[in-house]
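Student: Could you take me through one part of this model in some detail? I'd like to look closely at the nonpolar core and whatever is built around it.

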Amino acid sequence: MAGAGRGARTLPALARGSVREGAARTSARGGPVDGEDRIGRADGAVVWVHAHAVLLRGPDGELGWQGVLTDITERRLIKQRAKDALNYADNIIATMREPFMVLDTTLRIVTANRSFYQNFLVTPAETQGQFVYDLGNRQWVIPRLRVLLEEVLPRNNVFHDFEVE
């Protein structure tokens with residue numbers, strides 16, 4: 001097993017510690033190393049990689065690993081952009097004066113703004129994740145709203161100016 005352990009020594013300084021920490025954790029429990037981390041490339045750029053490796057012990061007893069590093073930088077950037085966009089949308093919703101809620105495809109409440117909670121006398125804890133018709137004292141069981149949510153919305157994606165008393 002010549003060369004075992006050499007991989008961690010040839011990694012850039014940015015990655016050495018995390019690779020060694022992962023190797024130490026994995027050697028304690030056995031099994032492969034599987035995780036994500038940042039490493040520096042020879043050109044100085046920092047990239048995100050997914051590491052999947054198997055630990056090996058060389059004849060000298062030194063731990064090393066053999067495996068695959070996959071560049072996941074683009075995936076991480078896309079994920080961060082989506083997170084930023086969601087945060088931006090959440091901030092817009094939070095600043096709206098009118099009561100506003102967001103439903104998922106199963107009509108469960110994902111989020112609502114402060115005006116919604118104050119106007120309908122509910123809290124985020126008792127609202128988020130709830131089926132819209134079960135909210136509060138079932139005040140959302142409104143036949144016209146049900147038609148809009150279950151028939152109109154799936155085809156048109158939006159509707160405007162529906163008021164709940």
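Tutor: Six helices and five strands make up the protein, and from the N terminus the order is α-α-β-β-β-α-β-β-α-α-α. Keep in mind that this is a predicted model. Of its 165 residues, 27% count as buried. The accessible surface is about 11,500 Å², with 53% of that belonging to carbon and sulfur atoms. As for contacts between residues at least 6 apart in sequence, 27% join residues at least 24 apart.

Now to the core itself. The largest nonpolar core has 17 residues, and the members that touch the most others are Met101, Phe116, Val132 and Trp140. At least two residues each come from β5, α4 and α6, and α6 is the top contributor with three. Val132 is a handy place to stand and look around: setting aside neighbours within four places in sequence, Val132 is in contact with Met101, Leu103, Leu107, Ile109, Trp140 and Leu149.

Follow that last contact into α6, which covers residues 143-156. The buried residues of this helix are Leu145, Leu148 and Leu149. The spacing of such positions has a simple background: an α-helix has 3.6 residues a turn, so residues three or four places apart point the same way. Part of the cover over the buried residues of α6 comes from β4 (101-103). You can also do a quick sanity check on the helix length: 14 residues at 1.5 Å each should span 20 Å, and the end C-alpha atoms sit 19 Å apart, so the two agree. The helix does have a kink of about 30 degrees, centred on Leu149. Leu149 is also one of the buried residues and a contact of Val132.

Next, the strands on that side. β4 pairs with β5 in the antiparallel sense, over three bridges. The two make a hairpin with five residues between them, and in the turn Leu107 has a positive phi of about 65 degrees. Leu107 also turned up among the contacts of Val132. Across the pairing, Val102 has Thr111 in β5 as its bridge partner. Thr111 belongs to β5, residues 109-112. Its relative accessibility is 18%, so Thr111 counts as buried, given that the cut-off is under 20%. Not counting residues up to four places away in sequence, Thr111 touches Asp90, Met101, Val102, Tyr117 and Gln128. Met101, then, is touched by Thr111 as well as by Val132.

From β5, move on to α4, residues 114-119. Ser115 sits in this helix, and at 17% relative accessibility Ser115 is classed as buried. Leaving out residues up to four places away in sequence, its contacts are Met96, Arg97, Glu98 and Pro99. Gln118 is also part of α4, but Gln118 is exposed, with a relative accessible area of 54%. Pro99 gives you a second link here: Gln118 and Pro99 are 19 residues apart in sequence, and their C-alpha atoms are 8.4 Å apart in space.

The loops after α4 have a couple of backbone oddities you may want to check. Leu121 lies in the loop between α4 and α5 (124-127), and its phi is near 55 degrees, a positive value in a residue other than glycine. Leu121 is exposed, with a relative accessible area of 73%. In the loop between α5 and α6 you find Arg138, another non-glycine residue with a positive phi, near 65 degrees. At 47% relative accessibility, Arg138 counts as partly exposed.

For context, here are the remaining strands. β1 (residues 33-40) pairs with β2 (residues 46-57) in the antiparallel sense over eight bridges, with Glu36 bridged to His50 in β2. Their hairpin has five residues between the strands, and Gly44 takes a positive phi near 95 degrees. β2 in turn runs antiparallel to β3 (residues 63-71), joined by nine bridges, and Leu56 is bridged to Gly64 in β3. That hairpin likewise has five residues between its strands, with Gly61 in the turn at a positive phi of about 90 degrees.

Key:
Residues numbered from 1 in each chain as written. Predicted model: local features only at pLDDT ≥ 70, side-chain atom pairs only at ≥ 80, totals over all residues. Heavy atoms only, no water. Helix = DSSP H or I, 4+ residues; strand = E, 2+ residues; numbered from the N terminus. Buried < 20%, exposed > 50% of the residue type's maximum accessible area, 1.4 Å probe, protein only. Contact = heavy atoms within 4.5 Å. Areas by Shrake-Rupley, 256 points an atom, 1.4 Å probe, with all protein chains shown as cover. Pairing = 2+ DSSP bridges. Expected span 1.5 Å × (residues − 1). Bend = angle between axes of the 7 residues up to and from the residue. Core = buried A, V, L, I, M, F, W, Y, C linked by side-chain atoms within 4.5 Å.
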